[in-house]
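Visitor: I have a protein structure open here and would like to talk it through with someone. Could you help me read it?

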Amino acid sequence: FKLYQLSKLSPKIRQAVLQVCKSHNREVSFDCLKQGLTIQKVMQNGLNLKNKKIAIIGDGYGFLGCLLKYLDSSVKIVSVNLGKISIFDTALTSVAFPSLQINFFNKDSDYKSNYDFNFVPAEVIFQSGINDIDIFFNIASMQEMSQQTIDSYFAWMRSQKSKSTYFYCCNRVSKTLPDGERL
């Protein structure tokens with residue numbers, strides 16, 4: 001199945017997926033292929049990554065950010081994840097791109113808009129002042145959030161000062177949270 005899905009990727013995206021997996025010392029998984037197929041579909045529909053500032057909400061070990069950077073070195077990535085998970089995102093990205101500028105933003109540090117990667121804990125994203133994002137990606141993590149948190153992300157997305165802002169989202173239509181809240 002993985003080989004079949006890998007064959008569905010364009011040569012450029014296939015090579016980037018394999019390169020990220022190699023740099024992370026991991027096998028190609030369904031999640032890796034899903035991210036590659038997502039980017040392929042987005043690019044086929046005309047979204048140009050060149051010189052874009054891209055925010056990834058809930059990247060999952062930094063794979064999507066690394067994939068986008070391998071596909072176009074001009075992109076700048078803002079990776080938003082839970083604080084403890086951000087450590088993994090930062091570590092794996094550092095292994096994949098040891099010579100690039102990487103910033104771990106927290107409430108005591110500055111956002112470095114010119115850096116290749118900024119890692120921002122979700123716990124401080126709404127106070128970060130980041131307002132220059134061109135493209136937002138969310139794949140599967142909003143299904144783990146409360147409606148209030150999702151609303152806060154949408155307010156943050158709407159506050160961007162970029163000329164055009166895009167949002168790609170792939171989540172469940174409905175879900176039941178552990179506390180019983182149904183969204």
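Guide: We can go through confidence, the nonpolar cores, two helices, some ring pairs and two single residues, in that order.

Visitor: Start with confidence, then: what average pLDDT does the chain have?
Guide: This is a predicted model, and the protein chain averages a pLDDT of 92, with 99% of the residues scoring at least 70. Among the elements of the chain, α1 has the lowest mean pLDDT, at 80, while β1 has the highest, at 98.

Visitor: Okay, now the inside. Which residues touch the most other members of the largest nonpolar core?
Guide: That core has 32 residues, and the ones touching the most other members are Val 17, Ile 54, Leu 64, Leu 67, Leu 68 and Phe 137. At least two residues of this core come from each of α2, α3, β1, α4, β4 (117–121) and β5, and the largest share, 6 residues, is supplied by α4.

Visitor: What is Phe 137 in contact with?
Guide: If we leave aside its neighbours within four places in sequence, Phe 137 is in contact with Ile 39, Val 42, Ile 54, Ala 55, Ile 56, Ile 57, Leu 64, Leu 68 and Tyr 168. Apart from this core lies another one, of 19 residues, which includes Ile 133, Met 145, Ile 150 and Met 157.

Visitor: You said α4 gives the largest share of the big core. How many of its residues are buried?
Guide: In α4, 8 of the 9 residues are buried, so this helix is largely enclosed by the rest of the structure. The buried ones are Phe 63, Leu 64, Gly 65, Cys 66, Leu 67, Leu 68, Lys 69 and Leu 71.
Guide: The remaining residue to look at here is Tyr 70, which is partly exposed because its relative accessible area is 28%, and buried would require under 20%.

Visitor: And α3, what does its buried side pack against?
Guide: The buried residues of α3 are Cys 32, Leu 33, Gln 35, Gly 36, Thr 38, Ile 39, Gln 40 and Val 42, and they pack against α1 (2–7), α2 (11–24), α4, β5 (135–139) and β6.

Visitor: What span should α3 have, and how far apart are its ends?
Guide: Helix α3 covers residues 30–44, and at 1.5 Å a residue its 15 residues should span 21 Å, which agrees with the 21 Å between its end C-alpha atoms. The helix is followed by Gly 46, whose phi is positive, near 95°.

Visitor: Switching topic: how many aromatic pairs are there?
Guide: A search of the whole structure finds 9 aromatic pairs. One of them joins Tyr 61 and Phe 88 edge-to-face, with 5.5 Å from centre to centre and 80° between the planes. Tyr 61 lies in the loop between β1 (53–57) and α4 (63–71), whereas Phe 88 lies in helix α5 (residues 83–96), so the pair ties together parts that are 27 residues apart in sequence.

Visitor: Are those two rings buried or exposed?
Guide: They fall in between, since Tyr 61 is partly exposed with a relative accessible area of 41%, and Phe 88 is partly exposed with 45%. Another pair, Tyr 70 and Phe 97, is tilted, with 4.6 Å centre to centre and 40° between the planes. Here Tyr 70 lies in helix α4 and Phe 97 in the loop between α5 and β3 (102–104), so this pair also ties together parts that are 27 residues apart in sequence.

Visitor: Which residues are in a cluster with Tyr 70?
Guide: Ring pairs link Tyr 70 with Phe 97, Phe 117 and Phe 119 into a cluster, and within it Phe 97 counts as buried, at 11% relative accessibility.

Visitor: Now Ser 23: which residues is it in contact with?
Guide: Ser 23 lies in helix α2 and, leaving aside neighbours within four places in sequence, is in contact with Tyr 70, Val 95 and Ala 96. A polar atom of the Ser 23 side chain lies 2.9 Å from the backbone oxygen of Val 20.
Visitor: Why does Ser 23 count as buried?
Guide: Ser 23 counts as buried because its relative accessible area is 16%, and the cut-off is under 20%.

Visitor: Last one, where is Gln 160?
Guide: Gln 160 is found in the loop between α6 (147–158) and β6 (166–170), and it is buried, with a relative accessible area of 9%. A polar atom of the Gln 160 side chain lies 2.9 Å from the backbone nitrogen of Ile 133.

Key: Residues are numbered from 1 along each chain as its sequence is written. Side-chain values use heavy atoms; hydrogens and water are left out. Helices (H or I, at least four residues) and strands (E, at least two) are DSSP runs, numbered from the N terminus. Buried means under 20% relative accessible area, exposed over 50%, partly exposed in between (1.4 Å probe, protein chains only). A polar contact is a pair of N or O atoms within 3.5 Å; within protein, one must be able to donate a hydrogen and the other to accept it, and residues adjacent in sequence count only if both atoms are side-chain atoms. Rings of Phe, Tyr and Trp (its six-membered ring) pair if their centres lie within 6.5 Å; planes under 30 degrees apart count as stacked, over 60 as edge-to-face and the rest as tilted. The expected span of a helix is 1.5 Å times one less than its number of residues. Contact means heavy atoms within 4.5 Å. pLDDT is the predictor's confidence in each residue, from 0 to 100. A nonpolar core is a set of buried Ala, Val, Leu, Ile, Met, Phe, Trp, Tyr and Cys residues joined through side-chain atoms within 4.5 Å.
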